[in-house]
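Welcome, and thanks for taking a look at this protein chain. Please open the structure alongside the text and follow the residues as they come up.

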Amino acid sequence: MRTHASAGLKSRARTVLAGKWTFITGAFLFEMMLNMALEMVIELAFPMQISGGFSIPHMLCTIIAGLLSVIISAGSTYLYLNVARGRQYQLRDLFFSFSHQPERMIGWFFAILGITMLFSLIPAVLLAFALVSGSRAGIAASVAVLLICIIGFFMILLRYIMVPFLYADAPWKTTRELMHESSELMKGQKGRYFYLQLTYLGLILLALLSFGIGFIWVSPYISMTNTQFYLELKQEI
């Protein structure tokens, strides 16, 4: 497989986006407003705290909002693939997943959520026991386990990071098939993808310094570059 350096992928992303920035940034803003609207509805209908405790309806609605956000995000991935491949694209591509087996992405969402909870629970339990026992060695061991869990979590996350792209190409495949295919695609590529994400830090910092306004351009640019990475893995570029 022919591989491109991060600079090469970014160059291809800029070339693809040339002349399409108005549409792409508009689609990004529309997607962002949809997610913000979901959050506002939840906050207004189900406040987070009730009598000093947490609202269970609020938590459930937050999960539902997260699911809808993942489904919309998968539609965004479909949109970027169409743009990258020179195919016809339109704003309604953002809703692609709602009519194409959205349960595939829901399954992926819960799989990642389960992995996150598992890797968070193990060090938390160990640390709780160490604090109760007052053992310094136990606390040190818990911190070490925490670091190992963080590394392990990111390794697993990187393994399945291509699921949204694979789903956009083949929504009829099961979640298990998509996760397996992503795992195969990312063999020997996790380090490259992780490094690619690190190269965005400068742009993200600039976007933050602009009070977030810069993300209107930075986010689509990052998404298109990641799309180019996927197309490279599929040997399309």
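Helices and strands here are DSSP runs, numbered from the N terminus, with at least four residues for a helix and at least two for a strand. In that numbering, aspartate 93 sits in the loop between H3 and H4. Please keep in mind that this is a predicted model.

**The chain as a whole**

There are 10 helices and two strands in the protein chain. Followed along the sequence, their order is α-α-β-β-α-α-α-α-α-α-α-α. The C-alpha trace spans about 60 × 45 × 40 Å along its principal axes. Of the 237 residues in the protein chain, 39% are buried. The chain exposes about 13300 Å², and carbon and sulfur atoms supply 70% of that area. If we take contacts between residues at least 6 apart in sequence, 72% of them join residues at least 24 apart. As for charge, the chain carries 17 positive and 11 negative charges, and the mean positions of the two sets are 8 Å apart.

**A buried aspartate**

Back to aspartate 93: which side chain of opposite charge is nearest to this buried residue? It is arginine 92, 5.6 Å away, and aspartate 93 has no salt bridge. A salt bridge here requires a side-chain nitrogen of Lys or Arg within 4 Å of a carboxyl oxygen of Asp or Glu. Leaving aside neighbours within four places in sequence, aspartate 93 is in contact with Gly75, Tyr78, Leu79, Asn82 and Gln88.

**Salt bridges**

Side chains of opposite charge can pair when their charged atoms come close. How many salt bridges does the structure hold? The structure holds seven, and three of the pairs are listed here, with the distance between N and O atoms.

| Positive residue | Negative residue | N to O distance |
|---|---|---|
| Arginine 85 | Glutamate 236 | 2.8 Å |
| Lysine 187 | Glutamate 184 | 3.2 Å |
| Arginine 104 | Glutamate 103 | 3.9 Å |

Arginine 85 forms a salt bridge with glutamate 236. Because arginine 85 lies in the loop between H3 and H4 and glutamate 236 in the segment after helix H10 (215-233), this pair ties together parts that are 151 residues apart in sequence. Both partners are partly exposed, arginine 85 at 21% relative accessibility and glutamate 236 at 41%. Asp169 joins the picture as well, since Arg85, Asp169 and Glu236 are linked in a network of salt bridges.

The other two pairs can be read by their exposure. Lysine 187 counts as exposed because its relative accessibility is 52%, and exposed means over 50%. Its partner glutamate 184 is partly exposed at 39%. Arginine 104 is buried, with a relative accessible area of 18%, whereas glutamate 103 is partly exposed at 41%.

**A nonpolar surface patch**

Finally, a look at the surface. Which residues form a nonpolar patch there? They are Ile56, Leu60, Ile63, Phe110, Leu113 and Met117, with about 560 Å² of accessible area together. Helix H3 (56-84) and helix H4 (103-133) are the elements that give two or more residues to this patch. Leucine 113 is one of the patch residues and has its place in helix H4. Leucine 113 is partly exposed, with a relative accessible area of 31%. That value fits the patch, because its members need over 30% relative accessible area.

Note on methods: Residues numbered from 1 in each chain as written. Predicted model: local features only at pLDDT ≥ 70, side-chain atom pairs only at ≥ 80, totals over all residues. Heavy atoms only, no water. Patch = residues over 30% accessible without salt bridge, like charges linked within 9 Å, V, L, I, M, F, W, Y side chains within 5 Å. Areas by Shrake-Rupley, 256 points an atom, 1.4 Å probe, with all protein chains shown as cover. Buried < 20%, exposed > 50% of the residue type's maximum accessible area, 1.4 Å probe, protein only. Contact = heavy atoms within 4.5 Å. Lys, Arg positive; Asp, Glu negative; His and termini not counted. Charge placed at Lys NZ, Arg CZ, Asp CG, Glu CD.
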